[in-house]
Amino acid sequence: MMELRHLAMVNWHLFDVADIAVAGHIGVLGENRSGKSTILDMAQVVLTGGNRRFLRLNAVAGDSGKSRSGSKRSVVDYCLGTLGEDQRRRDEARTYVALGFEDTDGDRPPVTSAWLSRHVNPTARRRCSRSSLQSDRS
């Protein structure tokens, strides 16, 4: 069975670089505004390839908690670290997010699924891709 073992983020919302090892049953716990939904939305973007048809980003983030009907936050906002309408942590970003999986039965090599994006500025066209990489066991 494939199990999640690793989460990685570079320039994803307020995280400059985060490398998180996980094992077994996990939970995402923390204070309000500590990044719990940011981590869950990152995993969602990797698993859906950033496809808007399947994305359901955190419904409260970016809306100051005013409405649960839908989020105004987008993947571009996460990449640029958008905090409010005119507040951004970065004007441009090269963003990498990845999930690493391991076969607990040992039948298959580890797999990393990654989503990569480059944003020059909020209004520029963006290039993004999703790739699945397999690494050999040594």
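How many salt bridges does the structure hold? The structure, which is a predicted model, holds four salt bridges. This briefing covers those contacts, the pairing of strands β1 and β2, the largest nonpolar core, and the surroundings of Gly81.

**Salt bridges between β1 and β3**

- Arg5 and Glu102 form a salt bridge, in which the closest N and O atoms lie 3.0 Å apart.
- This pair connects distant parts of the chain, since Arg5 belongs to strand β1 and Glu102 to strand β3, with their positions 97 residues apart in sequence.
- Arg5 has a relative accessible area of 24% and is therefore partly exposed.
- Glu102 also counts as partly exposed, because its relative accessibility is 31%.
- A network of salt bridges links Glu3, Arg5 and Glu102.

**Salt bridges of Asp16**

- Asp16 meets Arg89 through their side chains in a salt bridge, with an N to O distance of 3.2 Å.
- The two partners come from distant parts of the chain: Arg89 sits in the loop between α2 and β3, Asp16 in strand β2 (residues 15–21), and they are 73 residues apart.
- Asp16 forms a salt bridge with Arg90 as well, the closest N and O atoms being 3.6 Å apart.
- This pair, too, links distant parts of the chain, with Asp16 in strand β2 and Arg90 in the loop between α2 and β3, 74 residues apart.
- Arg89 is partly exposed, because its relative accessibility is 42%.
- Arg90 has a relative accessible area of 10%, which is under the 20% limit, so this residue counts as buried.
- Asp16 itself is partly exposed at 39% relative accessibility.

**Pairing of β1 and β2**

- Strands β1 and β2 run antiparallel and are joined by six bridges.
- Within this pairing, His6 stands opposite Ala21 in β2.
- The hairpin of β1 and β2 has two residues between the strands, and His13 takes a positive phi near 55° there.

**The largest nonpolar core**

- The largest nonpolar core has 18 residues, of which Met9, Trp12, Met42, Val45, Val75, Val97 and Trp115 touch the most other members.
- Two or more residues of this core come from each of β1 (2–12), α1 (36–48), α2 and β3.
- Helix α1 provides the largest share, namely five residues.
- Val45 touches Trp12, Gly50, Leu55, Leu57, Val75 and Trp115, when residues up to four places away in sequence are not counted.
- Among these contacts of Val45, Trp12, Val75 and Trp115 are also listed with Val45 as the core residues that touch the most other members.

**Surroundings of Gly81**

- Gly81 is placed in the loop between α2 (75–80) and β3 (93–103).
- Is Gly81 buried or exposed? Gly81 is buried, because its relative accessibility is 0%.
- Beyond its neighbours within four places in sequence, Gly81 is in contact with His13, Gln87, Arg88, Arg89 and Arg90.
- Among these contacts, His13 is the residue with a positive phi in the hairpin of β1 and β2, while Arg89 and Arg90 each form a salt bridge with Asp16.
- The C-alpha atoms of Gly81 and Ala93 are separated by 9.0 Å, and the two residues are twelve residues apart along the chain.

Key. Residues numbered from 1 in each chain as written. Predicted model: local features only at pLDDT ≥ 70, side-chain atom pairs only at ≥ 80, totals over all residues. Heavy atoms only, no water. Helix = DSSP H or I, 4+ residues; strand = E, 2+ residues; numbered from the N terminus. Buried < 20%, exposed > 50% of the residue type's maximum accessible area, 1.4 Å probe, protein only. Contact = heavy atoms within 4.5 Å. Core = buried A, V, L, I, M, F, W, Y, C linked by side-chain atoms within 4.5 Å. Pairing = 2+ DSSP bridges.
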